[in-house]
Amino acid sequence: MTFPPLREELVGLEPYGAPQLDVPVQLNVNENPYPPSTEVVADIAASVAAAAATLNRYPDRELVELRARLADYLNSSGGSGITPAQVWAANGSNEVMLQLLQAFGGPGRSALSFAPTYAMYPEYARDTMTTWVQGRRAEDFSLDLPAARELVLEHRPSVILLPSPNNPTGTALPPEAITTLCEAAGDGVVVVDEAYGEFRRTGTPSALELLPRHRNLVVTRTMSKAFALAGARLGYLAADTAICDAIRVVRLPYHLSAVTQATALAALRHADELLGRVDDLRRERDELVDWLRGRGHEVADSDANFVYFGRFADRHAVWQGLLDRGVLIREVGPDGWLRVSVGTPDEMAAFRQALVDVTTQGTSEEQA
Ligand SMILES: *Cc1c(COP(=O)(O)O)cnc(C)c1O
């Protein structure tokens, strides 16, 4: 054993994360580009000040009020009849998913997803010593249902992770896909990660609608994207009460600080305003998809606040060329493809101009 006594399978690994670079146009981590208004900032600040006066005490371990308000919100956003006992929250949906793996994964068990997908999933599996099984999506990034079902029946995973809309492709799953996998999973849980759920196109349903039909279905959401609150770190889920109760066994005591709870409650009071830009972002996204297609790019249909496009013989050169022009996007997923987050109209104009420059004038290396 060498020092520090790192687990063998972690030796040499780099921490996960997109580059945090200080450039004018940041379109790389799917944040909402609109900061909270002065009114919302003032209410959050006042709520946090009130919480600060009680910081000698531990926070509410069961998040009673927050879970009730999140249930109200979910019932107005695709769900119905969801009770506070069916809701759980943590520091970002990333922590929610880690807790799911801590409760339902572990040695001798497996977790399954379909690539290309969210790069954090295999890390939750690794960190909880859960075997990672990865299927593949079809060429158009949809799920090949018969093949997916076969894979589930073969491996019998205790957790299946399905982002919908998927990151990095933007692809939403049809309800039939979720139903098929919930049935194939048996007693395993099926986690539909709706981090981008609020951005779905008109006519794309939320998996929340299926909750009453499948007791093994978990739908996760986050305040990091549509809610424009990535810095606060608040993610949550809706599921059968038995699933919430199981997570309560593995969560750290007082995992969600009084400051975080106060911030999230204040933000939920202003949900209409914080979510007010979602329609603008959806419109901007649809325009971007059309524009990219008009320029001859291949573009995946998107139900999210980002667009996945290609294909480039040298995508790194395109990414670098954009960065040289002050526009940061994301190099992720299958070779040849790039992902760009939807920003303000000004940011999108800067992106379009930079992409035109890069693809018509060539990249910095070619110029050099
Ligand atoms: C951004 C994102 C999340 C959200 O993570 P938080 O921890 O809630 O900020 C979850 N899942 C996917 C697929 C994402 O892209």
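This report walks through the domains, the ligand site and some backbone details of a predicted model.

## Two domains

The protein chain is assigned two domains. Domain 1 is made of two stretches, 8-36 and 276-367. Domain 2 covers 38-274. Look at the numbering: the residues of domain 2 fall between the two stretches of domain 1.

How far apart are the centres of domain 1 and domain 2? Taken over C-alpha atoms, the distance is 25 Å. The two domains are in contact, with 30 residues from domain 1 and 34 residues from domain 2 taking part.

## The interface between the domains

The size of an interface is often given as the accessible area lost when the parts come together. Here, domain 1 and domain 2 bury about 2500 Å² between them. Carbon and sulfur atoms give 58% of that area.

Which three residues supply the most of the area that domain 1 buries against domain 2? They are Tyr16, Pro36 and Asp303. Together they supply 29% of the area on the domain 1 side.

Polar links also cross the interface. There are 14 residue pairs in polar contact between domain 1 and domain 2. Two helix or strand elements each give two or more residues to the side of domain 1 that touches domain 2: α10 (278-294) and β10 (306-310). The largest share comes from α10, with five residues. By type, this side of domain 1 has 15 nonpolar, six polar and nine charged residues.

Two salt bridges are found across the interface. Asp303, already met as a supplier of buried area, also forms a salt bridge with Arg201. The side chains of aspartate 303 and arginine 201 meet at 3.1 Å, N to O.

## Around the ligand

Which residues surround the ligand? The list runs Gly92, Ser93, Asn94, Tyr118, Asn167, Asp193, Ala195, Tyr196, Thr222, Ser224, Lys225 and Arg233.

Some of these residues place a polar side-chain atom by the ligand. Asparagine 94 has one at 2.8 Å from a ligand oxygen atom. Arginine 233 also has one at 2.8 Å from an oxygen atom of the ligand. With aspartate 193, the partner is a ligand nitrogen atom. That nitrogen is 2.6 Å from an N or O atom in the aspartate 193 side chain.

## Backbone details

Where are the cis peptide bonds? One runs from asparagine 167 to proline 168, with omega near 20°. Proline 168 sits in the loop between β5 (159-163) and α6 (175-184). Asparagine 167 is also one of the residues around the ligand.

Another cis bond joins glycine 310 to arginine 311, with omega near -20°. Arginine 311 is in the loop between β10 and α11 (315-324). The strand β10 has already appeared, as part of the domain 1 side that touches domain 2.

Leucine 63 shows another backbone detail. What is its phi value? Phi is near 50°, a positive value in a residue other than glycine. Leucine 63 lies in the loop between α1 (38-52) and α2 (64-75).

Terms used. Residues numbered from 1 in each chain as written. Predicted model: local features only at pLDDT ≥ 70, side-chain atom pairs only at ≥ 80, totals over all residues. Heavy atoms only, no water. Domains from an automatic or database assignment. Contact = heavy atoms within 4.5 Å. Buried area = accessible area lost by both parts, 1.4 Å probe. Salt bridge = Lys/Arg side-chain N within 4 Å of Asp/Glu carboxyl O. Polar contact = N/O pair within 3.5 Å; in protein donor to acceptor, adjacent residues only side chain to side chain. Helix = DSSP H or I, 4+ residues; strand = E, 2+ residues; numbered from the N terminus. Nonpolar A, V, L, I, M, F, W, Y, C, P; charged D, E, K, R; others polar. Near = heavy atom within 4 Å.
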